[in-house]
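Open the model in your viewer and keep the selection panel handy. We will go from one stop to the next, with a note on what to look for at each.

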Amino acid sequence: MIHIFFTCRKEIVTVEKVYEFLKDAQTYYLATVDGDQPRVRPFGTVNIFEGKLYIQTGKSKDVSKQLHANPKAEICAFKDGVWLRVAGELIEDDRREARASMLDAYPELRNMYSEDDGNTEVFYIQNATATFSSFTAAPEVINF
C-alpha cells in the first residue's frame, strides 16, 4: 500500500511540474494533425482537474475537429532558456464539472464561454511524455 501511495504522489508532482511550467510560460503551442498536414497554434489555458492536465477550446474551432479525428497531439513551451515538449493523446472530458473547473481557473473566458453553452470543451492528456530540454543540461523525461 505504501508503494502505491508514493507512485500516485509522484504522478501528481509530475503533472504539477508540467502545469507550473506551462502556466509560467503563459503561452504554449499546440500541434495537431489535419489530414496529413501538421497544424500549430498558440494556447494559454491549462488546468489540473482530478489530478489530470487539461486544456480548453471551443467545439466550433478546427482544433477541436482535428483532436476528435486524431487525439495525438504535442504541446511545446519555452521559458527562461528551457523548453518543454509534451506528447500524448488529448481526450475530451464532457463533464460539466471539468468545464466549470477550467472556466473558474480562467474567469476572463466567461465573456466567451460557459460550461453550459454547448461549445466549451476541455481535454485531458493521457499517455503523456514530457521532455524538459535546454542547451546547458541533459533532458529530463517524465511520463504521466
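Start at aspartate 80, which takes a positive phi near 50 degrees in the hairpin of strand 5 and strand 6, a hairpin with two residues between the strands. Strands here are DSSP runs of E with at least two residues, helices are runs of H or I with at least four, and both are numbered from the N terminus. This is a predicted model, in which local features need pLDDT of at least 70 and side-chain atom pairs count only at pLDDT 80 or more, while totals for chains, interfaces and linings use all residues. Residues are numbered from 1 along each chain as its sequence is written, and side-chain values use heavy atoms, with hydrogens and water left out.

**The hairpin and its neighbour**

Now select residues 72–79 and 82–93: these are strand 5 and strand 6, running antiparallel and joined by eight bridges. Two strands count as paired if DSSP finds at least two bridges between them. Within this pair, cysteine 76 stands opposite arginine 85 of strand 6. Add residues 120–133, and you have strand 7, which pairs with strand 6 in the antiparallel sense over 10 bridges. To see one position in strand 7, pick phenylalanine 123, the bridge partner of glutamate 92.

**Tyrosine 29**

Next, select residues 28–34, which form strand 1, and find tyrosine 29 there. Is tyrosine 29 buried or exposed? Its relative accessibility is 42%, so it counts as partly exposed; buried means under 20% relative accessible area, exposed over 50%, and partly exposed in between, with a 1.4 Å probe and protein chains only. Show its contacts (heavy atoms within 4.5 Å). Not counting residues up to four places away in sequence, tyrosine 29 touches Val40, Arg41, Pro42, Glu74, Ile75 and Cys76. Try a C-alpha to C-alpha distance to isoleucine 75: the two residues are 46 apart in sequence and 5.5 Å apart in space.

**Threonine 57**

Move on to strand 4, residues 52–58, and pick threonine 57. With a relative accessibility of 2%, threonine 57 counts as buried. Which residues are in contact with threonine 57, leaving aside its neighbours within four places in sequence? They are Phe43, Val63, Ser64, Tyr113, Asn119, Thr120, Glu121 and Phe123.

**Two more positive phi angles**

Most residues other than glycine have a negative phi. Select glutamate 50, in the loop between strand 3 (47–49) and strand 4. Glutamate 50 is not a glycine, yet has a positive phi of about 50 degrees, and at 58% relative accessible area this residue is exposed. Then jump to asparagine 127, which lies in strand 7. Asparagine 127 also has a positive phi of about 50 degrees without being a glycine, and its 53% relative accessibility makes it exposed.

**Zoom out**

Finally, colour by secondary structure: there are three helices and eight strands, in the order α-β-β-β-β-α-β-β-α-β-β along the sequence. The radius of gyration is 15 Å, close to the 15 Å that the globule rule gives for 144 residues, so the protein is as compact as a globular protein of that length. That radius is taken over C-alpha atoms, and the rule is 2.2 Å times the number of residues to the power 0.38. Of the 144 residues, 40% are buried. Among contacts between residues at least 6 apart in sequence, 62% join residues at least 24 apart.
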